[in-house]
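Here is a short note for a colleague who is opening this structure for the first time. The points below can be read with the sequence and the model side by side.

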Amino acid sequence: MGIHGLSKVLGDYAPASLKENDIKNYFGRKVAIDASMSIYQFLIAVRQDGSQLMNEEGETTSHLMGMFYRTIRMLENGIKPVYVFDGKPPEMKSGELAKRKEMREAAQKELEKAEEAGDEENIDRFNRRLVKVTKQHNEECKELLKLMGVPYVEAPCEAEAQCAALVKAGKVYATGTEDMDALTFGSKVVLRHLTFSEARKMPIKEFYLNKVLEDMNFSMDEFIDLCILLGCDYCDSIKGIGPKRAVELIKQHKNIETILEHLDQKKYTVPEDWMYKEARRLFQEPEVADPEAVDIKWSDPDEEALVEFMVTQKNFNEDRIRNGIKKLQKSRQGSTQGRMDSFFSVVSKSSSSTAVKRKAEDQKGSSKKKGKGGGFRKGK
């Protein structure tokens, strides 16, 4: 889920924090990508006839198709992706996971009803709700990435937290995910829609954490408390407090403790034994691998091993896979070119104009001195 309604809140209260961009404008950028979120997207991206892509053994292969082709698309556009896989979920997430399990069970019952009624639209809708990323999906995608020469990181806990740590350490430029809690974990830049299919023609949405804090006039701790009030994966939120009220309360009281001191608890229902402090700590000090110790390297694809895996084992079309490998190899050859802004320091407009003005003044002063000096010599 991430943070409930955060993107809309930022659109309302911090519009300068959001930009839309084209994928080609990330040329030369390294991006940490939330692998599980991407795999989930690939799994629910069914074919036109409404069925998932499968091999001869009846195994779903949609995730491999998505991982292969959409990673190639990023590489062709000069992006250097590093996928980050979830580790064990924090204990505090058990409640959220239990809710998701209940929702899947309810979806299964609704699916059976839809199938009995022959309701194709609801069959598709409830099938999507039953999709779950499994350990096998993850392991197959790791194998594919290794053969493609694309690095991946296994996070000890939450992938979004590990992505944010890599961004903060300067190892990558941004986090690529649909979950907005990457911002709450401190990722300086978050990119949404990065792994969407090209056919959807959706621009990539960029969120900048510094502009969020600046526009809302929040400290990072205040922003984290806002995210907890909006609703996160680690604890329930206060019943009756919507996004607008949550923003107002943080602006007025600065933290949840002070909010609780002044809140009318007859009007608003505070969860019993509310573990907001523990949730706050998870955002402030998440369990992550030391970014400096994480080795991120891209390498050449192993063509024959890729063909063996994708064609022989997973029944993909050989011509298409080999064409994909050619694109991989071509993008690898062109990956040495860097971004222009990595060679030049960016000078702000104001400081640049000041420098130009100062230079003009210096030249003017120099001319006056020359004029005076020349007159003196002539007179002498």
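1. Please begin at serine 187, which, with a relative accessibility of 0%, counts as buried because that value lies under the 20% limit. The model in which this value was computed is a predicted one.

2. As to where serine 187 sits along the chain, its place is in the loop that runs between helix H8 (181-184) and strand S6 (189-192). Which residues does serine 187 touch, not counting residues up to four places away in sequence? They are Ala164, Val167, Thr175, Ala182 and Leu209. With threonine 175 there is also a polar contact, in which the side chains of serine 187 and threonine 175 are joined at 2.9 Å.

3. For the protein as a whole, the secondary structure comes to 16 helices and seven strands. Of the 380 residues in the protein, 43% are buried, and serine 187 is one that counts as buried. Among contacts between residues at least 6 apart in sequence, 73% join residues that are at least 24 apart.

4. The next two points concern pairs of helices. Two packed helices are described by two quantities, the distance between their axes and the angle between those axes.

5. In the pair formed by helix H3 (residues 62-76) and helix H15 (residues 318-333), the axes come within 9 Å and cross at roughly 30 degrees. Since angles under 35 degrees count as roughly parallel, H3 is therefore roughly parallel to H15. The crossing in which H3 passes H15 is left-handed. On the H3 side the contact is made by Phe68, Tyr69, Ile72, Leu75 and Glu76, which meet Arg320, Ile321, Gly324, Ile325, Lys327, Leu328 and Ser331 in H15. Sorted by character, the residues of this contact of H3 with H15 are seven nonpolar, two polar and three charged.

6. In the pair formed by helix H2 (residues 35-44) and helix H6 (residues 135-148), the axes come within 11 Å and cross at roughly 105 degrees. This angle falls in the range of 65 to 115 degrees, so H2 is roughly perpendicular to H6. Here Ser36, Ile39 and Leu43 in H2 meet His137, Asn138 and Cys141 in H6. The residues of the contact of H2 with H6 divide into three nonpolar and three polar, with no charged residue among them.

7. When the two pairs are viewed in turn, please keep in mind that H3 is roughly parallel to H15, whereas H2 is roughly perpendicular to H6. The contact of H3 with H15 includes three charged residues, while that of H2 with H6 has no charged residues.

Terms used
Residues are numbered from 1 along each chain as its sequence is written. This is a predicted model: local features need pLDDT of at least 70, side-chain atom pairs count only at pLDDT 80 or more; totals for chains, interfaces and linings use all residues. Side-chain values use heavy atoms; hydrogens and water are left out. Axes are lines fitted to C-alpha atoms, for helices over the stretch in contact, and angles run from 0 to 180 degrees between N-to-C directions. Helices (H or I, at least four residues) and strands (E, at least two) are DSSP runs, numbered from the N terminus. Angles under 35 degrees count as roughly parallel, over 145 as roughly antiparallel, 65 to 115 as roughly perpendicular and the rest as oblique. A crossing is left-handed if the near helix is turned anticlockwise from the far one by less than a right angle, and right-handed if clockwise. Contact means heavy atoms within 4.5 Å. Ala, Val, Leu, Ile, Met, Phe, Trp, Tyr, Cys and Pro count as nonpolar, Asp, Glu, Lys and Arg as charged, and the others, Gly among them, as polar. Buried means under 20% relative accessible area, exposed over 50%, partly exposed in between (1.4 Å probe, protein chains only). A polar contact is a pair of N or O atoms within 3.5 Å; within protein, one must be able to donate a hydrogen and the other to accept it, and residues adjacent in sequence count only if both atoms are side-chain atoms.
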